[in-house]
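Student: I should like to examine how a ligand is held and what space is enclosed in this model. May we go through the points in turn?

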Amino acid sequence: MNIRPRRNRKNSVIRDMIQETQLGVQNLIYPLFLEDGKGVKSEIASLPNQFRWSIDLLIPEIETCIALGIRTFVLFPAVKDELKDATATYSYNHSNFYLHAIRKIKETFPEIVLMSDVALDPYSSDGHDGLVKDGVILNDETLPILSKMSIAQAQAGIDIIGPSDMMDGRVGTIRNDLDAEGYEDVSIMSYTAKYASAFYGPFRDALDSAPKSGDKKTYQMNPANKREALIEAQLDLEEGADMLMVKPATCYLDVIHLLKEACDAPITAYNVSGEYAMIHAAAQKGWLDYESSFVEMLMSIRRAGADGILTYFAKDFAQLNR
Ligand code: PBG
């Protein structure tokens, strides 16, 4: 045998030297859930160790994460039912606790990068990402609302807008309207290939944001489709997206790889709530080792081509790597 691949694995120095994929805390974006009020830290049943925070307790939590090396966060609001309506007006209301929290976080920690969520579902009495009329999700009528929401978030100081709604043309509309208001430095990380996935269940529990009727299949992508992601990617880039996201991550590694090969823009992936919940459930039963499983999962997403990863594992990863 002239060729023995095992020689390149014989000790950790060699293995580390030739490791092809690196994963560091700088690649990770940590999702945080916010609710209105004071003194709130309530654990989300289907997302062990993830909480809905009120802003007073979230600030010290972010400080802890910064000390661990996490620099980028994405914030999601849990809105009370009485504030939800058919046109999601609370999303851009100036008394909105989410907008206040963005301002507070950016004032307290100007050095971090804060990303938002733009979609109607947390604020909509229908629980859909767009306006609903007679059971149909309206596209063009939704766009001005997404724009108002984005401008309100930009005014509050957000660094990156994250449109997660999958309406056609929203990146271009948001980009134009942000620029017209003087927010040309606010970035857009588009949820480019967002699939109609079963793995969002725990997130919808966290925000109580599940659709009241129907499903999201007329706007989120069919899990069976890959080439269609190229159409979405091309549109988002033409419309002015700075980064393209694939979501979920691990069942869609081929899509991450495809977009990484096809596009010059940075590619990110959302390691979603269901992926986190699966590993936790198996680890609780003693069927998987928690730490090595989640690190392997994150590594596979990087190996597929993701530059950044939105993941609930961010804090545990940062703690492991101290
Ligand atoms: C809503 C949104 C969802 C997620 C992020 N933004 C859920 C959905 O589309 O129903 C899911 C994230 C996760 O599961 O961790 N627009």
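Tutor: The discussion below concerns a predicted model and takes up the ligand, the cavities and two backbone features.

Student: How many residues surround the ligand, and which are the closest?
Tutor: A residue counts here if one of its heavy atoms lies within 4 Å of the ligand. The shell divides into eight nonpolar, three polar and seven charged residues. In total 18 residues surround the ligand, and the closest are Lys194, Arg204, Lys247, Ser273 and Tyr312.

Student: Which side chain has an N or O atom 2.6 Å from an oxygen atom of the ligand?
Tutor: Polar contacts are pairs of N or O atoms within 3.5 Å. Two such pairs involve a nitrogen atom of the ligand: one at 3.2 Å from the side chain of Asp129, and one at 2.8 Å from the side chain of Ser164. For an oxygen atom of the ligand, the partner at 2.6 Å is an N or O atom in the side chain of Arg204.

Student: What percentage of the ligand's accessible area does the protein cover?
Tutor: On its own, the ligand has 400 Å² of accessible area. The space that the ligand takes is the largest cavity. The share of that accessible area covered by the protein is 100%.

Student: Which elements give two or more residues to the lining of the largest cavity?
Tutor: The structure holds two cavities of 30 Å³ or more, and about 100 Å³ of space lies in the largest. This cavity is lined by 13 residues, of which Asp121, Ser164, Lys194, Phe203 and Lys247 are the closest to its centre. By class, the lining has five nonpolar, two polar and six charged residues. The elements that contribute two or more residues are β9 (187-194) and α6 (201-207).

Student: Which residues line the second largest cavity?
Tutor: About 30 Å³ of space lies in this second cavity. Its lining divides into five nonpolar residues, one polar and one charged. The residues are Tyr200, Phe203, Lys247, Tyr270, Val272, Ser273 and Tyr312.

Student: Is the peptide bond from Lys247 to Pro248 cis or trans?
Tutor: Lys247 is among the residues closest to the ligand, and Pro248 lies in the loop between β10 (243-247) and α8 (253-262). The omega angle of the bond that joins Lys247 to Pro248 is near -10°, and the bond is cis.

Student: Where does Ala88 lie?
Tutor: Ala88 has a positive phi of about 55°, although Ala88 is not a glycine. Its position is the loop between β4 (72-78) and α3 (97-108).

Note on methods. Residues are numbered from 1 along each chain as its sequence is written. This is a predicted model: local features need pLDDT of at least 70, side-chain atom pairs count only at pLDDT 80 or more; totals for chains, interfaces and linings use all residues. Side-chain values use heavy atoms; hydrogens and water are left out. A polar contact is a pair of N or O atoms within 3.5 Å; within protein, one must be able to donate a hydrogen and the other to accept it, and residues adjacent in sequence count only if both atoms are side-chain atoms. Accessible areas come from the Shrake-Rupley method with a 1.4 Å probe; for residues, only the protein chains shown count as cover. On a 1 Å grid over the protein atoms alone, a cavity is a set of points where a 1.4 Å probe fits but cannot get out, and a pocket is an open set with protein on both sides within 12 Å along at least five of seven lines; lining residues have an atom within 4 Å of a point. A molecule sits in a cavity or pocket if more than half of its atoms lie within 2 Å of its grid points. Ala, Val, Leu, Ile, Met, Phe, Trp, Tyr, Cys and Pro count as nonpolar, Asp, Glu, Lys and Arg as charged, and the others, Gly among them, as polar. Grid points are joined across faces, edges and corners, and a volume is the space filled by probe spheres set on the points. Helices (H or I, at least four residues) and strands (E, at least two) are DSSP runs, numbered from the N terminus.
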